[in-house]
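This briefing is for a reader who wants the packing picture quickly. Keep the sequence and the coordinates open alongside the text.

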Amino acid sequence: MSINEVQDEIIEEFAGLTDWMDRYAYIIELGGQLPPMEEKYKVPANLIEGCQSRVWIEAQEKDDRIDFEADSDAMIVKGIVALLMRVLNDRTPDEILDADLYFIDRIGLKEHLSPTRSNGLVAMVKQIRLYALAFKAKRG
């Protein structure tokens with residue numbers, strides 16, 4: 001499934017949830033489904049700067065694709081991380097770098113997050129793209 005197909009799927013899921021309390025509950029539920037991150041990856045080097053809560057994102061290259069592990073100590077943020085992982089995990093660096101993450105605006109996420117959570121979301125996306133850039137550069 002392409003990045004845009006996954007985003008469209010997420011947009012469709014959120015379209016059925018008209019109340020923002022339901023959307024937050026769904027985001028929290030998604031966070032609960034995120035596989036637990038191994039403690040050895042919860043190190044300062046993987047901590048995302050600019051997030052109010054603690055968020056870790058770790059990346060490894062596997063067969064020309066990037067495999068991410070991520071976690072957060074806040075349930076809503078963990079759900080947001082789960083959405084990003086659903087869209088961007090197991091993709092090539094070019095797919096990540098070329099992705100237009102339109103689902104964030106279309107589901108109303110940016111406008112319904114506090115300014116600090118919104119800044120954290122931007123920081124998470126930036127870090128994921130930096131990982132993609134680093135793996136691409138490493139390849140030459």
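The points below cover the core, the helix pairs, some single residues and one loop. The model is predicted. Its largest nonpolar core holds 48 residues. Helix α3 gives the largest share of that core, 10 residues. α3 also packs against α7, and its axis crosses that of α1.

**Nonpolar core**

- Seven of the 48 core residues touch the most other members: I57, F68, L84, L101, F103, L109 and M124.
- Two or more core residues come from each of these helices: α1 (3–15), α2 (20–33), α3 (75–88), α5 (103–106) and α7 (115–139).
- The strands β1 (55–62) and β2 (65–72) also give two or more residues each.
- α3 contributes 10 residues, the largest share.
- In soluble globular proteins, nonpolar side chains tend to be buried together.
- What does M124 touch, leaving aside its neighbours within four places in sequence? Its contacts are I48, C51, V55, I57, V77, I80, V81 and L84.
- Two of those contacts, I57 and L84, are themselves among the residues that touch the most other core members.

**Helix pair α3 and α7**

- The axes of α3 and α7 lie 11 Å apart, at an angle of about 30°.
- Angles under 35 degrees count as roughly parallel, so α3 and α7 are roughly parallel to each other.
- The crossing of α3 past α7 is right-handed.
- On the α3 side, the contact uses I76, V77, I80, V81, L84, M85 and L88.
- On the α7 side, it uses R117, L121, M124, V125 and I128.
- By class, the contact of α3 with α7 has 11 nonpolar residues, no polar ones and one charged.

**Helix pair α1 and α3**

- The axes of α1 and α3 come within 8 Å and cross at roughly 145°.
- α1 brings I3, V6, Q7, E9, I10, E13 and F14 to this contact.
- α3 brings L83, R86, V87 and L88.
- The contact of α1 with α3 divides into seven nonpolar residues, one polar and three charged.
- L88 of α3 appears in the contact with α1 and also in the contact with α7.

**Helix pair α1 and α2**

- α1 and α2 pack with their axes 10 Å apart, at an angle of about 135°.
- α1 and α2 are therefore oblique to each other.
- E13, F14 and A15 in α1 meet R23, Y26 and I27 in α2.
- Four residues of the contact of α1 with α2 are nonpolar, none is polar and two are charged.
- E13 and F14 serve in this contact and in the contact of α1 with α3.

**Single residues in the helices**

- I3 lies in α1 and is buried, at a relative accessible area of 9%.
- Outside its neighbours within four places in sequence, I3 contacts V87, L88, R91, E95, I96 and A99.
- I3 and L101 are 98 residues apart along the chain, yet their C-alpha atoms are separated by 8.6 Å.
- Is K78 of α3 buried or exposed? K78 is buried, with a relative accessible area of 15%.
- K78 touches G31, L34, D71 and S72, not counting residues up to four places away in sequence.
- A123 sits in α7 and is buried, with a relative accessible area of 14%.
- Beyond its neighbours within four places in sequence, A123 contacts I48 and E49.
- I48 is also in contact with M124.
- A123 and I27 are 96 residues apart in sequence and 19 Å apart in space, C-alpha to C-alpha.

**Loop between β1 and β2**

- Most residues other than glycine have a negative phi, and most peptide bonds are trans.
- D63 has a positive phi, near 55°.
- D63 lies in the loop between β1 and β2.
- D63 counts as exposed, because its relative accessibility is 75% and the cut-off for exposed is over 50%.
- D64 is found in the loop between β1 and β2, and its phi is positive too, near 65°.
- D64 is partly exposed, with a relative accessible area of 48%.

Key. Residues numbered from 1 in each chain as written. Predicted model: local features only at pLDDT ≥ 70, side-chain atom pairs only at ≥ 80, totals over all residues. Heavy atoms only, no water. Core = buried A, V, L, I, M, F, W, Y, C linked by side-chain atoms within 4.5 Å. Buried < 20%, exposed > 50% of the residue type's maximum accessible area, 1.4 Å probe, protein only. Helix = DSSP H or I, 4+ residues; strand = E, 2+ residues; numbered from the N terminus. Contact = heavy atoms within 4.5 Å. Axes fitted to C-alpha atoms, helices over the stretch in contact; angles between N-to-C directions. Parallel < 35°, antiparallel > 145°, perpendicular 65-115°, else oblique. Nonpolar A, V, L, I, M, F, W, Y, C, P; charged D, E, K, R; others polar. Left-handed = near helix turned anticlockwise from the far one by under 90°.
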